[in-house]
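Could you walk me through this protein, from its overall layout down to a few of its residues? A short guided tour is what I have in mind.

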Amino acid sequence: MSASVNCSSIATTAGPGAYRVRVHLRGRKLVYQVPDPPDGAVELLIMVFPGEQKKPVVYR
């Protein structure tokens, strides 16, 4: 099951200003193992929230 969301209305609810973005990826190893992974095997979670810029942190 997939859901469609109008991101422009969500991102503007807090008004103008700085925003931060956090991205989570699940199923990344499968992409490298299988040339054409099945639908739903890879999931992205993208969160956008108001906040000031900070130094990026990458966890692997």
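Below we start with the overall picture, then turn to the pocket and to three residues.

Keep in mind that this is a predicted model, so a look at the confidence comes first. The mean pLDDT of the protein is 74, and 77% of its residues reach 70 or more. That confidence is spread unevenly over the elements: strand β2 (residues 43-50) has the highest mean pLDDT, at 88, whereas helix α1 (residues 7-11) has the lowest, at 54. When you look at helix α1, then, remember that its mean pLDDT is the lowest among the elements.

Now for the layout. Two helices and two strands make up the secondary structure, and along the sequence they follow the pattern α-β-α-β. The protein has 60 residues, and 2% of them count as buried. Its accessible surface comes to about 6000 Å², with 57% of that belonging to carbon and sulfur atoms. As for how the chain meets itself, take the contacts between residues at least 6 apart in sequence: 47% of these join residues at least 24 apart.

Next, the pocket. Rolling a probe the size of a water molecule over the atoms shows where empty space is left. The largest pocket found here has a volume of about 480 Å³. Its lining is made up of 17 residues, and those nearest the centre are R20, V21, R22, P56 and V57. Which element gives the largest share of that lining? The answer is strand β1 (residues 19-26), which supplies six residues. Sorted by class, the lining holds eight nonpolar, seven charged and two polar residues.

R20 is a good place to zoom in, being one of the residues nearest the pocket centre. This arginine sits in strand β1. Is R20 buried, partly exposed or exposed? Its relative accessible area is 28%; because buried means under 20% and exposed means over 50%, R20 counts as partly exposed. Beyond its neighbours within four places in sequence, R20 is in contact with M47, V48, F49, G51, E52 and K54. The C-alpha atom of R20 also lies 6.9 Å from that of Q53, although the two residues are 33 apart along the chain.

Let us move on to helix α2 (residues 28-33), where V31 is found. With a relative accessibility of 39%, V31 is partly exposed too, because that value falls between the cut-offs of 20% and 50%. Setting aside neighbours within four places in sequence, V31 is in contact with P37 and V42. V31 and A41 are ten residues apart along the chain, and their C-alpha atoms are separated by 8.5 Å.

The contact with P37 brings us to our last stop. P37 belongs to the loop between α2 and β2. Not counting residues up to four places away in sequence, P37 touches V31, and L30 as well. Measuring from C-alpha to C-alpha in the model, P37 and G27 are 9.4 Å apart, with their positions ten residues apart in sequence numbering.

Conventions: Residues are numbered from 1 along each chain as its sequence is written. This is a predicted model: local features need pLDDT of at least 70, side-chain atom pairs count only at pLDDT 80 or more; totals for chains, interfaces and linings use all residues. Side-chain values use heavy atoms; hydrogens and water are left out. Helices (H or I, at least four residues) and strands (E, at least two) are DSSP runs, numbered from the N terminus. Buried means under 20% relative accessible area, exposed over 50%, partly exposed in between (1.4 Å probe, protein chains only). Contact means heavy atoms within 4.5 Å. On a 1 Å grid over the protein atoms alone, a cavity is a set of points where a 1.4 Å probe fits but cannot get out, and a pocket is an open set with protein on both sides within 12 Å along at least five of seven lines; lining residues have an atom within 4 Å of a point. Grid points are joined across faces, edges and corners, and a volume is the space filled by probe spheres set on the points. Ala, Val, Leu, Ile, Met, Phe, Trp, Tyr, Cys and Pro count as nonpolar, Asp, Glu, Lys and Arg as charged, and the others, Gly among them, as polar. pLDDT is the predictor's confidence in each residue, from 0 to 100. Accessible areas come from the Shrake-Rupley method with a 1.4 Å probe; for residues, only the protein chains shown count as cover.
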